[in-house]
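Visitor: I'd like a walk through this one, strand by strand where it helps. Could you take my questions as they come?

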Amino acid sequence: MFASALSLHVGLGNGSFGLAPEFATGAAPLGLATDDLDLDGKLDVVTANSQANTVSVLRGDGQGGLSTAATLAAGTDPQNVAIGRLDGDALPELVATNAGSATPFVYRNLGGGAFAAGASRATGLQPQGAVIVDYDGDGFRDVVANQGSKPRCRATPRRSSACCTAGS
Ligand SMILES: [Ca+2]
Ligand SMILES: [Ca+2]
Ligand SMILES: [Ca+2]
């Protein structure tokens, strides 16, 4: 059983929190990032849904509300999503790391909360996370993706269970 939601914990300005409304996503949203994706001045949210093999795009209303704008097909077991401008226009792109298929997907932002289908890029084993930065200083942003390997749970009684993680 996997959760399919994110929660928004409303800060009260004194370190405590009030309401925590939930918003629907795909199953098991492990990765989450936020930025203004449609340039309306309001923050939006993206989740990488590891069990649904999708990316959810939720548009913010600027008042704490989120509504689903798009559900994008991802590869297998997407773990994380990064946001950054990759093609020279002001609309930020998405990069999802698909640990199960070793293929980060790049989604071009079409505006209005819509994205083109993910363009697959080959990488090493099990990419877990990514950042979008101009790593080599040439003025074009690059994608840095790690290639983690999930801990595997072994059925050895003497081993600590600390290495065991869901989904491994
Ligand atoms: Ca927005
Ligand atoms: Ca763009
Ligand atoms: Ca660069």
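**Strands, core and odd loops**

Guide: Let's start with one pair: Ala-48 stands opposite Val-55 in β5.

Visitor: How many bridges join strand β4 to strand β5?

Guide: This is a predicted model, so keep that in mind throughout. Strand β4 covers residues 44-49 and strand β5 covers residues 54-60. The two run antiparallel, and the number of bridges joining them is five.

Visitor: Which strands stand at the edges of the open sheet?

Guide: The sheet has four strands in the order β3-β4-β5-β6, with antiparallel pairing. A strand at the edge has a single partner, so one of its sides is left without a neighbour in the sheet. That description fits β3 (29-35) and β6 (66-73).

Visitor: What does the twist average from one strand to the next?

Guide: Stay with the open sheet, ordered β3-β4-β5-β6. Going from one strand to the next, the twist averages 20°.

Visitor: What is the secondary structure of the whole protein chain, in helices and strands?

Guide: Read along the sequence, the pattern is β-β-β-β-β-β-β-β-β-β-β-β-β-β. The secondary structure therefore comes to zero helices and 14 strands.

Visitor: How confident is the predictor, and where does pLDDT stay under 50?

Guide: The chain averages a pLDDT of 86, and 88% of the residues score at least 70. There is a weak stretch, for which the model has eleven contacts beyond four places in sequence. Where pLDDT is low, the predicted coordinates should not be read in detail. The stretch that stays under 50 is residues 151-168.

Visitor: Which residues touch the most other members of the largest nonpolar core?

Guide: In soluble globular proteins, nonpolar side chains tend to be buried together. Here the largest nonpolar core has 26 residues, and those touching the most other members are Val-46, Val-55, Val-81, Leu-94, Val-95 and Ala-96.

Visitor: Which strands each supply at least two residues of this core?

Guide: Two strands of the open sheet's middle, β4 and β5, are on the list. The rest of it includes strands further along, among them β13 (130-133) and β14 (142-145). The full set is β4, β5, β6, β7, β8 (93-98), β9 (105-107), β13 and β14.

Visitor: Which of the core residues just named does Val-81 touch, beyond four places in sequence?

Guide: Val-81 touches Gly-31, Ala-33, Thr-47 and Ala-48, among others. Its contacts also include several of the residues that touch the most other core members. Those are Val-46, Val-55, Leu-94, Val-95 and Ala-96.

Visitor: Is Ile-83 buried or exposed?

Guide: Ile-83 sits in strand β7 (residues 78-84). Beyond four places in sequence, Ile-83 touches Ala-33, Asp-35, Val-46, Pro-92 and Leu-94. Because Ile-83 has 20 C-beta neighbours inside 10 Å, it counts as buried.

Visitor: What separates the C-alpha atoms of Ile-83 and Val-131?

Guide: Along the chain these two are 48 residues apart. In space, their C-alpha atoms are separated by 7.7 Å.

Visitor: Asn-53 has a positive phi; is Asn-53 buried or exposed?

Guide: Asn-53 lies in the loop between β4 and β5. Its phi is about 55°, although Asn-53 is not a glycine. With 20 C-beta neighbours inside 10 Å, Asn-53 reaches the cut-off of 20 or more, so it counts as buried.

Visitor: And what about Ala-102: buried, exposed or partly exposed?

Guide: Ala-102 is in the loop between β8 and β9, and has a positive phi of about 50° without being a glycine. It has 19 other C-beta atoms within 10 Å, and buried needs 20 or more, so Ala-102 is partly exposed.

Technical notes: Residues numbered from 1 in each chain as written. Chains lettered and ligands numbered in written order. Predicted model: local features only at pLDDT ≥ 70, side-chain atom pairs only at ≥ 80, totals over all residues. pLDDT = per-residue confidence, 0-100. Contact = placed C-beta atoms within 7 Å. Buried ≥ 20, exposed ≤ 12 C-beta atoms within 10 Å, placed from the backbone. Pairing = 2+ DSSP bridges. Axes fitted to C-alpha atoms, helices over the stretch in contact; angles between N-to-C directions. Core = buried A, V, L, I, M, F, W, Y, C linked by C-beta atoms within 7 Å.
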